[in-house]
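The following account leads through a single protein model, taking its ring pairs, its sheet and its charged contacts in turn. Please keep the sequence and the three-dimensional view at hand while reading.

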Amino acid sequence: MAGEGDKRKRFISATAANYFGLDPAVGPATLAAELHSRPELNSFLDDGSEFLLVVQRSGSQLTASNTIEDTDSKKNVLVFFKLRPDVITEDNLHSNILISSMLDSPINTLYQAVRQVFAPALLKDERWSKTFDPKLQKLLTELETGLSTVLRRSDPNYTGSKFSEDDVRAILTPTDEFQYWIECSRHGSKWRSKERASHFKDLFEDIAKDYFNLDSLSLFEVVDLVETTKGTLDGVWRQTEHDPYPQPRMHNLLDVIGGSLGRYVQRKLAALNLWKDAFHSVKENVKAGIFICEQWVSACEYLTGQLWQCYTLHPWKNDKYFPESLAKLGKRLDEVLTVRTLHEKLAFFLPAGEQNALHLAQVFEPFAGLNPVHYNSYTEPLWKAAVSQYERIIAPAEQKIASKLKKVISEIQDSPQQLLQTFQKHKELIKHPNISKELLFEREILLARLQDYAEDYQRDFETRCHGVPGDVSGPLSGKNLSEVVNNIVWVRQLELKMDDTIKLAEVLLSDLPGFQTFHRSADSFLEQLKVYEQEQFDDWSRNIQSELSNPKSGLCIQANSPVMELDHVFGTLNILYSDRLVTLLREVRQLSALGFAIPAKIQHIANTAQKFCKQAVILKQVAHFYNSIDQQMIESQKPMMLQSALAFEQIIKHSKSGRGGKAQITWDNPRELEAYIQKLQAAAERLSTENRKLRKWHTNFIEKVISLMNIDLLRQQQRWKDGVQELRTGFAIFSIFQEKMNTR
């Protein structure tokens, strides 16, 4: 059979040419020169015992082999192999040849084939799984797990490369990353590396289960998961117990989380008919999908563009990470929601008769055959063409809507608040070019109102910015906020209001002559707010660092300093952990959450204070009890409580540790401190309990005496005798109680 006329060789060469990106249209003669004359190809086709043909590209040529040798992992390999030991003919060409490509490494190719093709077919497809031996099913599962483990650990026996934590080729989903640390915690080469891996495994535990079962969660649950994920990753990046988390791994993790979230949103929304299902259901679900996309994009920009770049102990290097694909998916979903919302608005404004006349029921026909949630560069031109056709269909309806909106706006244009609400409510309609053009005058009125709002905000800010929070002429005050945090939160709220104002103007007014002037003015005010915000933080930083050099400021806590002291002049117990430290901890936590980079010196003090905060709170409670117990006692009962009070005081006065009790208990001795706190709490609880019981006895005796005083001795002698007897019995029982107290 001649080379050019051999249908078998044309099939092999055309398949290979397509796979390697060669142009099969150059003619069979060229392909014959490259591949048809190869003896390896003839052996594969004509020799029944030759099972394998391996094709690779070398420059502009195709090479062939009948064995799989050590191949360059960077080169793609195309493998043809037989099902049966037969000569290949035109009749069995398509029934006896299987084709597989090999990328990266043989083990990676096998893993992907098992994971993506054979495991789902043999384990999940009922047609095959019910006849597939359970032992073989188990072996197939174990094979998949074992291959993934080898890839994640980058075993040099399989990959030919040295192990590196930066190697993330096998990390395709968040679960792969979480599993990587689980495996490292079990099989690490050194104890310290296993301990570090175990630490990361524990940090990821809060989200690992949710990502493993992602499809079982609702869209609204995943909205919460994204926020939890942001906090978890921040904790992983900023942990200081072990060596830092590698940036390439974190970059890849951010990427695969974004990919998983995007595919999840697509799967969930694909279950809806976005054009025909009830609008409220479509709106809620699509909005949740958009929010998931926007929330993750925002989280990545915040973490890698602000928070981590300012974290001096482990700064994010290079540019911030931006999940482009997810951002574009969110934009597409927003366009879908805009189209559907616009239709609902048109239907709301137009009576049924006008809707029928304008054929509103057929407006979604341009989208027939398109899956709007599948965003990529190939579907984008089709989507844009469909949107363009849709806009042509609704153009007549938009003309009618514009006149109705004109009428609505004319009735409320003297009320700025109502005007703003109306434009906000019908934003989706008004931003469409046809309606926007018709409402030119009304939009100019809105621009003037927004300018007034911006000027009002600026005047209010300039009036209050130098005052004290809560004062009439000072920043508005929130609850449980220090002055610096309060001022920053107040100015952030102003920034949000200005951002909303600017966004509304950008959507509806960007074509108006006065827009650029307004935008520059608003941006200038926003910059003024940001400068004020930074000045507040800088002043706070300077003041705190100045206080740190003053031993009397209450901020100079040392791990080896005593936990408390007894003032022998006033007899009060003082815990050497100031309230100023508690405030500092709260300020550092809140300012960090607001995105500020805390200076290392302040962060160090805060970290030290945080370690002892729990014990300090308990000790302060005990100290308060010790300092105020005499005020809680009834004067006449103080001698009765003397023994317990002295025992409690002895524990306070002998707060020593070590052999012989010579050294004072310090913050950096947690075991002895914990034991001492338990002893203190037990003594305080005993004293408090005895005081409560004595006060109760005292109250009971008072009530009985008052009851006796109200008895008429002439008419109620028996009642008087019964009351006196009851009082005597009470005294007898009280005497027994007192004896028990004294014998403890």
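**Aromatic pairs, sheet and salt bridges**

Searching the whole structure yields 24 aromatic pairs. One of them joins Y19 and F20, whose ring centres are 4.9 Å apart and whose planes stand at 80 degrees; the pair is therefore edge-to-face, since the planes of such a pair must be over 60 degrees apart. The two partners differ in their surroundings: Y19 is partly exposed, with a relative accessible area of 30%, whereas F20 is buried at 11%. The model under discussion is a predicted one.

A further pair is formed by W237 and W316. Their ring centres lie 5.3 Å apart and their planes meet at 50 degrees, so this pair counts as tilted. W237 belongs to helix α10 (residues 219–238), while W316 is found in the loop between α12 (279–307) and α13; the pair therefore ties together parts that are 79 residues apart in sequence. Both rings belong to buried residues, because W237 has a relative accessibility of 0% and W316 one of 4%, and the limit for a buried residue is under 20%.

Aromatic residues also gather in a group. F178, Y180, W181, F200, F204, Y211 and Y245 make up one aromatic cluster. Rings may take a charged partner as well. The charged end of R238 is placed over the ring of Y311, 5.4 Å from the centre of that ring. In a second case, the charged end of K82 sits over the ring of F44, with 5.2 Å to the ring centre.

K82 leads on to the sheet. Strand β3 comprises residues 77–82, and it pairs with strand β1 (residues 52–58) in the antiparallel sense over five bridges. Within this pairing, L52 has F81 of β3 as its bridge partner. The two strands are part of an open sheet of four strands, which follow the order β2-β1-β3-β4 with antiparallel pairing. Which strands stand at the edges? They are β2 (61–65) and β4 (97–102); each has a single partner strand, so one side of each is left without a neighbour in the sheet. From one strand to the next, the twist averages 25 degrees. Helix α1 (residues 7–19) lies across β1, β2, β3 and β4, and it runs at about 150 degrees to β3.

The remaining theme is charge. Side chains of opposite charge can pair when their charged atoms come close. In this structure there are 25 salt bridges. D456 and R459 form one of them, at 2.4 Å from N to O. Both residues lie in helix α19 (residues 440–464), three residues apart, which is about one turn of the helix. D456 is partly exposed, with a relative accessible area of 39%, and R459 is likewise partly exposed, at 48% relative accessibility.

Salt bridges that share partners also join D6, R8 and D46 into one network. Within it, the closest N and O atoms of D6 and R8 are 3.1 Å apart. What is the accessibility of these two residues? D6 counts as buried at 1% relative accessibility, and R8 is buried with a relative accessible area of 7%.

Another salt bridge connects the side chains of E380 and R332, at 2.7 Å from N to O. E380 is located in helix α15 (residues 379–412) and R332 in helix α13 (residues 324–349), so the pair ties together parts that are 48 residues apart in sequence. E380 has a relative accessible area of 13% and is buried; R332 is buried too, with a relative accessible area of 2%.

The chain as a whole gives the setting for these details. It contains 26 helices and eight strands. Of its 744 residues, 41% count as buried. Among the contacts in the chain with a separation of 6 or more, 68% are accounted for by residues 24 or more positions apart.

Technical notes: Residues numbered from 1 in each chain as written. Predicted model: local features only at pLDDT ≥ 70, side-chain atom pairs only at ≥ 80, totals over all residues. Heavy atoms only, no water. Salt bridge = Lys/Arg side-chain N within 4 Å of Asp/Glu carboxyl O. Buried < 20%, exposed > 50% of the residue type's maximum accessible area, 1.4 Å probe, protein only. Pairing = 2+ DSSP bridges. Axes fitted to C-alpha atoms, helices over the stretch in contact; angles between N-to-C directions. Contact = heavy atoms within 4.5 Å. Phe/Tyr/Trp six-rings, centres within 6.5 Å; stacked < 30°, edge-to-face > 60°. Lys NZ or Arg CZ within 6 Å of the ring centre and 35° of its normal.
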